[in-house]
Every structure is written in C-alpha cells, then in structure tokens.
Amino acid sequence: RIVVCNYETMQNKDLVEAIKKWKPKVLVCDESQRVKSHKSKRAKVIAEIAKGCVNRYLLSGTPVLNSPQDIFQQFKILDGGETFGSNYWTFQKKYFYDKNAGMPKHVHFPQWTPKPGIFKEFNRLISEKGLRATKEECLDLPPLVRENKYVELSAEQKRAYKEMQQDFVTY
C-alpha cells in the first residue's frame, strides 16, 4: 500500500492520525526544502511520522535556500536528530552566532550567522547520509512520457465539484 499526498494534507488531522495508525515503513519527501522550518506544523507532523519509518528519503535540488539553518529540520526528519541533534536551539547555538548580540536590547534583532569553519563540518556530516547527482550525471534519463488517466468521481466528489463550479466554495 502506498499513500501519495502533498505537504498541505499534513494539516488534515484525521489523515495524519490514519497515517500514524497505519505505521508506514518508508517515507519519501520530494522537494524537502518545503519542510525546512523547525516551526512549521507540517514539518513537525512529518518528523513525527518519520519516527516510525524504517527508511526515509529526502529529495531536493536545493535543500538550503536561505541559510544553512534550513538543513536542521530536514535532517531531523531524515535521521531523527542523529546528525544535527533533535533540539533546534542547541543546533543554532553550536553552529551559529548572533551577529547583532551587542546591540541595545530595545533595538536588537538577531542575525544568526554561521560560525567560522562550520561549512567544512556541514559538508562532512551531510555527505555521510546524502548523495549528490549533477544534471550531467542524470542526462541519461528516458524521455518524458505524458499520459492522461481518467478517474470517475464519487457521488460526494461530484457534489463538491458542482458546488465549486457554482458557488466557488464547498463544504
């Protein structure tokens, strides 16, 4: 059995509970940068589901978009915190410093900057569990095949579809 869903469905409590109860053995997160925030509900839910999975795979062309801090939650999902720990604040303190720490409190805003030399350690840690493939290495892929699959809507889905057509909303 396989469940394929997008990240937004992780906000559906009933579905999440059903997935947890089902206890999947494999978790694959494509475009894993979508779960980079340690604060997001979907990333927390996926990390919770990942705990019970035997195999976990994260796929991304750009795992780090804005800051090396982006890697923390993705690796928490991937290995349960083995690589970078399970506490974000400990991770942040170990690898980053607040460039604005000396500012007066009433105007202080944190600017978390990588500590000198962390990139070498980051690369080592990431390469222990990650694989990198360049575009040139993937050029032997077969040509794209597009195929339409038609699926009959259930009575409930038809009702909701007609409501959306008429009222732009459904319940």
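**Helix packing and nonpolar cores**

Me: Which residues in H5 do Ile71, Phe75, Leu78 and Asp79 in H3 meet?
Reply: This is a predicted model, in which local features need pLDDT of at least 70 and side-chain atom pairs count only at pLDDT 80 or more, while totals for chains, interfaces and linings use all residues. Residues are numbered from 1 along each chain as its sequence is written, and side-chain values use heavy atoms, leaving out hydrogens and water. With contact meaning heavy atoms within 4.5 Å, these four residues in H3 meet, in H5, Phe122, Ile126 and Lys129.

Me: How are H3 and H5 oriented to each other?
Reply: The axes (lines fitted to C-alpha atoms over the stretch in contact, with angles from 0 to 180 degrees between N-to-C directions) of H3, residues 71-79, and H5, residues 118-129, come within 12 Å and cross at roughly 30°. Because angles under 35 degrees count in this class, H3 and H5 are roughly parallel.

Me: Which helix gives the most to the largest nonpolar core?
Reply: A nonpolar core joins buried Ala, Val, Leu, Ile, Met, Phe, Trp, Tyr and Cys residues through side-chain atoms within 4.5 Å, where buried means under 20% relative accessible area (1.4 Å probe, protein chains only). Among its 15 residues, Met10, Leu27, Val35, Ile46, Ile49 and Ile77 touch the most other members. Helix H1 (13-22), strand S1 (26-30) and helix H2 (41-50) each supply at least two residues, where helices (H or I, at least four residues) and strands (E, at least two) are DSSP runs numbered from the N terminus. The most, six residues, come from H2.

Me: Is Asn100 buried or exposed?
Reply: Asn100 lies in the loop between strand S3 (96-98) and strand S4 (112-114), and, not counting residues up to four places away in sequence, it touches His108, Phe109, Pro110 and Gln111. Its relative accessibility is 11%, so Asn100 counts as buried.

Definitions and conventions. Angles under 35 degrees count as roughly parallel, over 145 as roughly antiparallel, 65 to 115 as roughly perpendicular and the rest as oblique. Buried means under 20% relative accessible area, exposed over 50%, partly exposed in between (1.4 Å probe, protein chains only).
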